[in-house]
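Student: Got a minute to walk me through this one? I'd like the overall picture before we get into single residues.

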Amino acid sequence: PRQLVMFGTNGGWIYGLPAKAADGVPPQEPAWAHKLGGSFVADPTFTMVGAGDDRSALVVFPGRDGWVYGCDPATGRRNWWLLSESPFSERAVVSADHVFVRNDDRLFCLNAITGERAWWPSSAEGKSDYEKSQLFESPEGFELADRCLAANSERAILLSGRNRLMRCNMATGAIETETSLPAFDFFLTNAATGALILGTHD
């Protein structure tokens, strides 16, 4: 497979640039380029999703136009996309076939394969799919988190602020426990293994 450097631009383009040419000469043309609109200030996230024969590569581009795109890294074509009410400026975290990405207002958890929202806040209960798609009220529950630190098939650990952790049910996003750990200064993520790494200044 080709080795590509993938990035987005302020002009709303995404590119896949060959890491190097076969003869060692720097590439003169991108392997692919697509205009998606808006602008991209966050780094894309490359990952593998699915299992067995259905395992495939995915690259996630959060956009300042309020869209987040899941693309095929081989071609740059969109596999799925989702519109939110506010710009995305943070890099997505992908773990356990879920995409965790925050816009300026709230955290989203998406199915990494389909792009559909995997988690909904409690205020969405009893609403139709259309009503849910228009649901951008004040953030609540898991939506208040800043980022995902680690996840597996059973739970996700989210960070809110400097040191408040939320353990959420992976199937529903419901918060099972919350705790503050003021003695720790660093919360590092290992999305590949689901491990949570804590650190202090000393």
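Student: OK, what radius of gyration does the protein have, and what would a compact globule have?
Tutor: This is a predicted model. The protein has a radius of gyration of 18 Å, and a compact globule with 202 residues would be near 17 Å, so the two agree. Along the principal axes, the C-alpha atoms fill a box of roughly 55 × 50 × 35 Å.

Student: What's the secondary structure made of?
Tutor: One helix and 16 strands.

Student: And how much of the protein is buried?
Tutor: Buried residues make up 38% of the 202 residues. The protein exposes about 10,800 Å², with carbon and sulfur atoms supplying 49% of that area.

Student: What share of the contacts comes from residues far along the chain?
Tutor: Taking contacts with a separation of 6 or more, 38% are between residues 24 or more positions apart.

Student: Let's do sheets. What's the strand order in the open one with four strands?
Tutor: The order is E4-E5-E6-E7, and the pairing is antiparallel. Strand E4 (45–49) and strand E7 (78–83) are at the edges; each has a single partner strand, so one side of each has no neighbour in the sheet. From one strand to the next, the twist averages 25°.

Student: Is E5 mostly enclosed or open?
Tutor: Strand E5 (residues 56–62) is largely enclosed by the rest of the structure, because five of its seven residues are buried.

Student: How is E4 tied to E5?
Tutor: Through five bridges, with the strands running antiparallel. Thr-45 sits opposite Val-60 in E5. The two strands form a hairpin with six residues between them, and Gly-50 in that turn has a positive phi of about 85°.

Student: What does Val-60 face in E6?
Tutor: Val-60 stands opposite Gly-70 there. E5 and E6 are antiparallel too, paired over four bridges. Their hairpin has four residues between the strands, and Gly-66 takes a positive phi near 90°.

Student: And how many bridges join E6 to E7?
Tutor: Five bridges join strand E6 (residues 67–71) to E7, again antiparallel. One pair to look at is Cys-71, which stands opposite Arg-78 in E7.

Student: What's in the loop between E6 and E7?
Tutor: Ala-74 is one residue found there. Ala-74 is partly exposed, at a relative accessible area of 43%. Its C-alpha atom is 16 Å from that of Lys-35, and the two residues are 39 residues apart along the chain.

Student: Lys-35, where does that one pair up?
Tutor: Lys-35 is in E3, where it is the bridge partner of Trp-13. Strand E3 (residues 32–35) pairs with E2 in the antiparallel sense over four bridges.

Student: What else does E2 pair with?
Tutor: Strand E2 (residues 13–18) is joined to strand E1 (residues 4–8) by five bridges, running antiparallel. Leu-4 stands opposite Pro-18 in E2. E1 and E2 make a hairpin with four residues between them, and Gly-12 in the turn has a positive phi of about 90°.

Student: Switching to loops. Is Ser-86 buried or exposed?
Tutor: Ser-86 is buried, with a relative accessible area of 9%, and the cut-off for buried is under 20%. You'll find Ser-86 in the loop between E7 and strand E8 (93–95).

Student: What does the Ser-86 side chain bond with? I mean, which polar contact joins it to another side chain?
Tutor: A polar contact of 2.3 Å joins the side chains of Ser-86 and Asp-105. Not counting residues up to four places away in sequence, Ser-86 touches Gly-66, Asn-103, Asp-104 and Asp-105. Gly-66 is the residue from the E5 and E6 hairpin with the positive phi.

Student: What about Arg-106, buried or exposed?
Tutor: Arg-106 is buried, with a relative accessible area of 3%. Arg-106 lies in the loop between strand E9 (98–102) and strand E10 (107–111).

Student: Which side chain makes a polar contact with the Arg-106 side chain?
Tutor: That would be Glu-143, at 3.3 Å. Leaving aside neighbours within four places in sequence, the contacts of Arg-106 also include Glu-85, Val-101, Phe-136, Glu-137, Ser-138 and Pro-139.

Methods: Residues are numbered from 1 along each chain as its sequence is written. This is a predicted model: local features need pLDDT of at least 70, side-chain atom pairs count only at pLDDT 80 or more; totals for chains, interfaces and linings use all residues. Side-chain values use heavy atoms; hydrogens and water are left out. Two strands pair if DSSP finds at least two bridges between them. Axes are lines fitted to C-alpha atoms, for helices over the stretch in contact, and angles run from 0 to 180 degrees between N-to-C directions. Buried means under 20% relative accessible area, exposed over 50%, partly exposed in between (1.4 Å probe, protein chains only). A polar contact is a pair of N or O atoms within 3.5 Å; within protein, one must be able to donate a hydrogen and the other to accept it, and residues adjacent in sequence count only if both atoms are side-chain atoms. Contact means heavy atoms within 4.5 Å. The radius of gyration is taken over C-alpha atoms; the globule rule is 2.2 Å times the number of residues to the power 0.38. Accessible areas come from the Shrake-Rupley method with a 1.4 Å probe; for residues, only the protein chains shown count as cover.
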